[in-house]
Amino acid sequence: MNKIFKLKIITLIILILQSSIAFAAISFVDDIDVPANGSNGQNIPHGVAFNSDGTKMYIIGASANRVIQFTLSTPFDISEATLLAGSVCTEGIAGDGLKITFNSDGTKFFLVDDGTQDVEILTLTTAYDISTCSNTGSKDFGTTNLRDLKFSNDGKKVFLYDEGGTHSIKQYSLSSAFDISNPTLVTTYTGTSSKTLKQLTGNENKVNGLAFSSDGSKMFVTNDTKITEFTLSNPFDLSNVTSEGRENISDEIVKISGIAFNNDGSKMFIVDFNTNKTSDVHEYNLTCGFGVKKCIDPTANKDDVASIESQSEATKKIIQHTTFPVINRMEWLRRNSGRVNLTNQNIKIRFNNAILNSLTDTLVPIYFSNDGNSGLDYQNASWSFWSEGTISIGSTGDTSQSSSKSINTSAITLGADKKGQDNIIRGIALRFGADDVDVGDLGSALDMNSFSLTFYETKPKGEQRFTDHLLGMSFINSNLINNSGSQSTNGDRYGEQLYGSFSLRDTFSKNRLNFTPKLKINYGITHLGAYKETGSEGLNLEYKDQYIGNFTSSVGTSLDNTYDFEVGSFIPYFDFEYYADMSPASKQTFSYVSNGEEFTLKGIENSTHNFIGGIGFDFVSETGLTFMTKYTRDQAQNSKNDSFNIALDYRGSQRSSYAMSIQDTSAKFSHDKELNNFKINIDSHYDFLKNDPDYGLYLKISNIN
């Protein structure tokens, strides 16, 4: 009874471990026989390749000077493979063909010739139709026992497996994609200091195959019945290679030669060149993309890390770019306090969203009242309307852990404020922003759209001293593309954000020159929701919720002067600021959708010490139009950001009004004006959550009578 109880406990522990920890694993699916006789056959098949969509399969062998072609009714499913009679390539091909590799568009393929030790170059008139082949030359790389050849995704690197001696893999650079006429040797991988490549792959002298994962982070070498997996620190770069060990698949295979994967690495195909066994091509499933021994570790991939970091950086940039226009507005109000003539602009804010409606119906009246009296008719209060557009271009250099990032931001901020008793100015601002981040060189990207609502207030604490503070919230919608070389995954992610800022300014004036030192603190918290990637079965990841804190402090100063002209006033100014990002580090946990293997990227932090310099001017015309423009450079040790801001403020007459509303995902702005017994109405709208936003402008003129 005691032994039975112990056995149950041990069994339970094993089941728990199996359900909570998933590893890379291989499972046999199917195999097919390659016809041995006739003009379409291949007695000793060695190499296997597919077209880009997996609907065609090609076999090369050492006993017949031809490449044969199969059609697959289901992509990358050999169970329904049909030999395409008459579709063969025989032109200029030797009898000892081993492997074939296509270029990226299928108009050319390269054949490894065991007899001559050359690489034959064949051009196809019709892409991936080998019956249209023509031999256009060959290249001798000086190998002694050439076994396989592979290219990087862009065709600018070529790799040759030479089985001579202790085995070696040579890496060459090419001046033009898939042009092997003039290669340059970059490096040769022969193994580690303690083991040769021959020993690492099984110490056998057999016909070997070579393959890479779609992102170039893994390399695979076949030998006898074993597949050796290697990890490359940099994609398609043999300068730093780590062996992950060998996987033996002897149950179905006698002698491995060729190896290939489907696009996302969820399937593997092996060629058995032993003539005593009838099944020649074998299909396997992998529990994660290219996971023969281990799943690809996303935390070790520089583009994957950069993609996660860019989400954290972008949310912080949203806070920064949302608060800047509001702070610019508050500083402008104080710079032009003697000129501001707040008039009735009839700004109306309406939301279909019940939560936001509640804010406008309750919080907004209280916020704009001078004494907290919610009975104030805020829609008819004396408001001033303003807007500011921002274009920002920035970049972050690569590090040892992540790739470089290029960041483009465009936004429009629309606001309204009014002056109350005790010279307190309160306002509300809406911002619609789009951040586009390009990650690395393979095509990974982040498109983040945000809608922000900000309440702000500037209070006098003396004749020239002011405190400015703001509180706001943002709603975030992100589209992510994670490109793994020839494959990409996609995901949509939503998030929410709360943020605030507090600053203190004190102005010292002499004549018309103002010197204003200032101290500012920004804070916030962002929640990014969980989401799953789609697009590549073996590579799709599932991300858990992420929380990102933000805390920065800054000190700076500004200088401005005023010049009066007949048409208005011109006020140039200069800003300088130093800020330190002291935000806490965050982490992101994610797992493979296919097998649940989990990874955590810790220590995601963007702590920087930045210097910000800005130069601009205000122009206040006598007709009521105010124009403000500003150029800002945000510089850190490994990143920079350039922003250009344009702001407009208009003070109309009592016979004109403005209205602003939010309906679902559309922002609508209208202007009504009475002129010579005519009523002029202009309406426009902008759908800020669409990838391709809708724009509209409508003009209506009617008689007042």
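Of the residues that line the largest cavity, seven are nonpolar, 13 are polar and ten are charged. Keep in mind that this is a predicted model. The lining adds up to 30 residues, and those that lie nearest the centre of the cavity are Phe324, Asn328, Lys520, Glu577 and Lys630. The space inside comes to about 370 Å³.

Which element gives the most to this lining? That would be α3, with seven residues. The elements that supply two or more lining residues to the largest cavity are the helix α3 (302-335) and a run of strands: β26 (487-506), β28 (513-528), β31 (546-560), β33 (568-581), β36 (609-621), β37 (625-635) and β38 (639-650).

How many cavities of 30 Å³ or more turn up in the whole model? The count is six. The second largest cavity holds about 120 Å³ of space. Its lining has 13 residues, with Asp304, Asn482, Ser484, Leu539 and Tyr592 lying nearest the centre. By class, the lining of the second largest cavity splits into five nonpolar, five polar and three charged residues. Strand β25 (residues 465-484) provides the largest share there, three residues.

**Strands around the largest cavity**

Several of the lining strands also pair with one another. Strands of a sheet pair through backbone hydrogen bonds, in either a parallel or an antiparallel way. β33 is a handy place to start. β33 runs antiparallel to β36, and 13 bridges connect them. In that pairing Glu577 has Ile612 of β36 as its bridge partner, and Glu577 is also one of the residues nearest the centre of the largest cavity.

β33 pairs with β31 as well, again antiparallel, through nine bridges. Here Thr557 sits opposite Phe576 of β33. Then there is strand β32 (residues 563-564), which is joined to β33 by two bridges in the antiparallel sense. Tyr563 stands opposite Phe570 of β33. β32 and β33 make a hairpin, with three residues between the two strands.

**Salt bridges**

How many salt bridges does the structure hold? There are 24. Here are three of them, with the distance between the closest N and O atoms.

| Acid | Base | N to O distance |
|---|---|---|
| Glu331 | Lys518 | 3.0 Å |
| Asp506 | Arg465 | 2.9 Å |
| Glu163 | Arg147 | 3.5 Å |

Let's begin with Lys518 and Glu331, which form a salt bridge at 3.0 Å. This one links distant parts of the chain, with Lys518 in strand β28 and Glu331 in helix α3, 187 residues apart. Both α3 and β28 are among the elements that line the largest cavity. Is Lys518 buried or exposed? Lys518 counts as buried because its relative accessibility is 15%, which is under the 20% cut-off. Glu331 counts as buried too, at 9% relative accessibility.

The Asp506–Arg465 salt bridge has its N and O atoms 2.9 Å apart. Asp506 is in strand β26 and Arg465 in strand β25, so this pair ties together parts that lie 41 residues apart in sequence. Asp506 counts as buried at 16% relative accessibility, whereas Arg465 is partly exposed, with a relative accessible area of 40%. Some salt bridges share partners, and these join Glu331, Lys518, Asp575 and Lys630 into one network. Lys630 has come up before, as one of the residues nearest the centre of the largest cavity.

The remaining pair in the table is Glu163 with Arg147, at 3.5 Å. Glu163 belongs to the loop between β11 (157-162) and β12 (168-173), and Arg147 belongs to strand β10 (residues 146-151), so the salt bridge ties together parts 16 residues apart in sequence. Both Glu163 and Arg147 are buried.

**A four-stranded sheet**

Lower in the numbering there is an open sheet of four strands, in the order β2-β3-β4-β5 and with antiparallel pairing. Which strands sit at the edges? They are β2 (45-50) and β5 (81-89), each of which pairs on one side only. From one strand to the next, the twist averages 30°. β2 is paired with strand β3 (residues 56-61) in the antiparallel sense over five bridges. Within that pairing, Val48 stands opposite Ile59 of β3.

Note on methods:
Residues are numbered from 1 along each chain as its sequence is written. This is a predicted model: local features need pLDDT of at least 70, side-chain atom pairs count only at pLDDT 80 or more; totals for chains, interfaces and linings use all residues. Side-chain values use heavy atoms; hydrogens and water are left out. Two strands pair if DSSP finds at least two bridges between them. Axes are lines fitted to C-alpha atoms, for helices over the stretch in contact, and angles run from 0 to 180 degrees between N-to-C directions. On a 1 Å grid over the protein atoms alone, a cavity is a set of points where a 1.4 Å probe fits but cannot get out, and a pocket is an open set with protein on both sides within 12 Å along at least five of seven lines; lining residues have an atom within 4 Å of a point. Grid points are joined across faces, edges and corners, and a volume is the space filled by probe spheres set on the points. Ala, Val, Leu, Ile, Met, Phe, Trp, Tyr, Cys and Pro count as nonpolar, Asp, Glu, Lys and Arg as charged, and the others, Gly among them, as polar. A salt bridge is a side-chain nitrogen of Lys or Arg within 4 Å of a carboxyl oxygen of Asp or Glu. Buried means under 20% relative accessible area, exposed over 50%, partly exposed in between (1.4 Å probe, protein chains only).
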